[in-house]
Amino acid sequence: MSAKGRSRKMRYISAAIGIPVGLGSCLFSPTLFALLATVLITVGMVEFYAMARARGMAPHSIIGTSCSIAICLLSWIGRPLDLLYAL
């Protein structure tokens, strides 16, 4: 199997697992959904900063990742004015 075929297969497996988990957590536990979203956003930020470093940039990854976590938590707490200040 080619690398492209393996990549596509992994995407399908990830979707088959991720979609039911995401929908289930959204429907049954808003707290679990907020936690899951925060974890996924944090992982995405870490990957983003790793790609930026690979291209020779020097991002402030700790600050950016911390701010993304803070924005997620502020939106979950429901304090829109604090969320606006954070943005």
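Start with the contacts across the whole chain: of those between residues 6 or more positions apart, 23% join residues that are 24 or more positions apart in the sequence. Keep in mind as you look around that this is a predicted model.

Next, switch to a cartoon view. You will find four helices and zero strands, and following the chain from start to end gives the pattern α-α-α-α.

Now turn on the surface. The protein's accessible surface comes to about 6,900 Å², and carbon and sulfur atoms account for 73% of that area. How much of the protein is buried? Of its 87 residues, 16% are buried.

Time to zoom in on helix α1, which covers residues 3-28. Select I13, a residue of this helix. Is I13 buried, partly exposed or exposed? I13 has a relative accessible area of 38%, so it counts as partly exposed. Then add M10, I17 and V21 to your selection: together with I13 they make a nonpolar surface patch of about 370 Å².

For the last stop, select F48 and Y49 and show their side chains. The protein has one aromatic pair. F48 and Y49 form that pair, with ring centres 5.3 Å apart. What is the angle between the two ring planes? The planes of F48 and Y49 meet at 65°, and the pair is edge-to-face because that angle is over 60 degrees.

Keep both residues selected and compare how covered they are. F48 is partly exposed, with a relative accessible area of 46%. Y49, with a relative accessible area of 11%, is buried because its value is under 20%.

Key
Residues numbered from 1 in each chain as written. Predicted model: local features only at pLDDT ≥ 70, side-chain atom pairs only at ≥ 80, totals over all residues. Heavy atoms only, no water. Helix = DSSP H or I, 4+ residues; strand = E, 2+ residues; numbered from the N terminus. Buried < 20%, exposed > 50% of the residue type's maximum accessible area, 1.4 Å probe, protein only. Contact = heavy atoms within 4.5 Å. Areas by Shrake-Rupley, 256 points an atom, 1.4 Å probe, with all protein chains shown as cover. Phe/Tyr/Trp six-rings, centres within 6.5 Å; stacked < 30°, edge-to-face > 60°. Patch = residues over 30% accessible without salt bridge, like charges linked within 9 Å, V, L, I, M, F, W, Y side chains within 5 Å. Salt bridge = Lys/Arg side-chain N within 4 Å of Asp/Glu carboxyl O.
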